[in-house]
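Here's a quick walk through how some helices pack and where the pockets sit. Have the model open while you read.

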Amino acid sequence: MNYRLLLQYDGTDFHGWQMQGELRTVQGELTRVLSLLDDREVTVHGSGRTDAGVHAEGQVANVKLQRDINPHKLRNAINGNLGPDLRVLFIDAVADDFHARYSATGKTYCYRVAHGPVMSPFWAHYAYQDARALDLNNMRKCSELFLGEHDWTALSAAQSDVESRVRNVTACEISDGWDARGHCHLVEFTISANGFLRYMVRSIVGTLLAVGRAEIDQPTVVRAIREGDRSLAGATAPAHGLTLMSVQY
């Protein structure tokens, strides 16, 4: 039976999604528990890899089990054997050919920035603090440059095993407002695409923040994308501000 899992996790204490020996990872924890429940070693497939420190509000995975288990009971059994920073929200049985990664048509990430001189402890693990002045209007104008299909060599990790670095970004939106819980000005970057390269979202955000601080101008961003020159883009934003919001199928 092929099961689809909707997951949430706080990435703070995980070494990312992918199994890495004895290190604690999301895939590793799910594999441990599901292998125990199915009395054999199982393979858990995720929609994509999240790096160490990155969070998820809507990660998707699938696993094939020999046992036919009621999805509700399976969810409770999995959660009962996990730490509190990882939860399965929902499980359903899907067709055998469903694959969390290869069946996906798109993903949406949100990067959060606490903009101000004081960082609330309620956002310390989930947002990046920047106290410097930001020109949000200029950042929003620049964000339009990232829409569409581009080669993202300039805004991704240098080391990658992908065959193509071309991806289609369908949304790159910047919203901001007062956050009552953290008593801070919260800036959110919401980015959707048919797929992402490693560090791609964080590189886009870092570049937009550099534009907002007048460290980079829009013509330089255009050159970076066109020429694939990483040195022309902004620094990669820290991992802890990033959250995988949803996966589309």
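Let's start with helix H1 (residues 26-38) and helix H2 (residues 71-79), which pack at an angle of about 125° with their axes 10 Å apart. This is a predicted model, by the way. Since angles of 65 to 115 degrees count as roughly perpendicular and those over 145 as roughly antiparallel, that angle makes H1 oblique to H2. The crossing of H1 past H2 is right-handed.

Which residues make the contact between H1 and H2? On the H1 side you'll find Leu30, Val33, Leu34 and Leu37, and on the H2 side Leu74, Ala77 and Ile78. Sorted by class, that contact has seven nonpolar residues, with no polar and no charged ones.

Now for another helix pair. Helix H3 (residues 136-143) and helix H4 (200-212) cross at roughly 135°, and their axes come within 8 Å. That makes H3 oblique to H4, and the crossing is right-handed. Here Asn138, Met139, Cys142 and Ser143 of H3 meet Leu208, Leu209, Val211 and Gly212 of H4. The class count for H3 with H4 is five nonpolar, three polar and no charged residues.

Side by side, the two pairs look like this:

| Helix pair | Axis angle | Axis distance |
|---|---|---|
| H1 and H2 | about 125° | 10 Å |
| H3 and H4 | roughly 135° | within 8 Å |

On to the pockets. The largest pocket has a volume of about 1200 Å³. It is lined by 39 residues, and Gly48, Arg49, Arg101, Lys107 and Phe196 are the closest to its centre. Which elements give two or more residues to that lining? They are strand E2 (44-46), strand E5 (106-115) and helix H4 (200-212), so H4 turns up again here after its contact with H3. By class, the lining of the largest pocket divides into 14 nonpolar, 17 polar and eight charged residues.

The second largest pocket has a volume of about 240 Å³. There are 16 residues in its lining, and the closest to the centre are Tyr9, Asp10, Ala56, Glu57 and Tyr126. Strand E1 (2-9), strand E3 (55-64) and strand E4 (86-94) each supply at least two lining residues. Which element supplies the largest share of this lining? That's E3, with three residues. As for chemistry, the lining of the second largest pocket divides into seven nonpolar, three polar and six charged residues.

Definitions and conventions. Residues numbered from 1 in each chain as written. Predicted model: local features only at pLDDT ≥ 70, side-chain atom pairs only at ≥ 80, totals over all residues. Heavy atoms only, no water. 1 Å grid on protein atoms, 1.4 Å probe; cavity = no way out; pocket = protein on both sides within 12 Å on 5 of 7 lines; lining within 4 Å. Points joined across faces, edges and corners; volume = space filled by probe spheres on them. Helix = DSSP H or I, 4+ residues; strand = E, 2+ residues; numbered from the N terminus. Nonpolar A, V, L, I, M, F, W, Y, C, P; charged D, E, K, R; others polar. Axes fitted to C-alpha atoms, helices over the stretch in contact; angles between N-to-C directions. Parallel < 35°, antiparallel > 145°, perpendicular 65-115°, else oblique. Left-handed = near helix turned anticlockwise from the far one by under 90°. Contact = heavy atoms within 4.5 Å.
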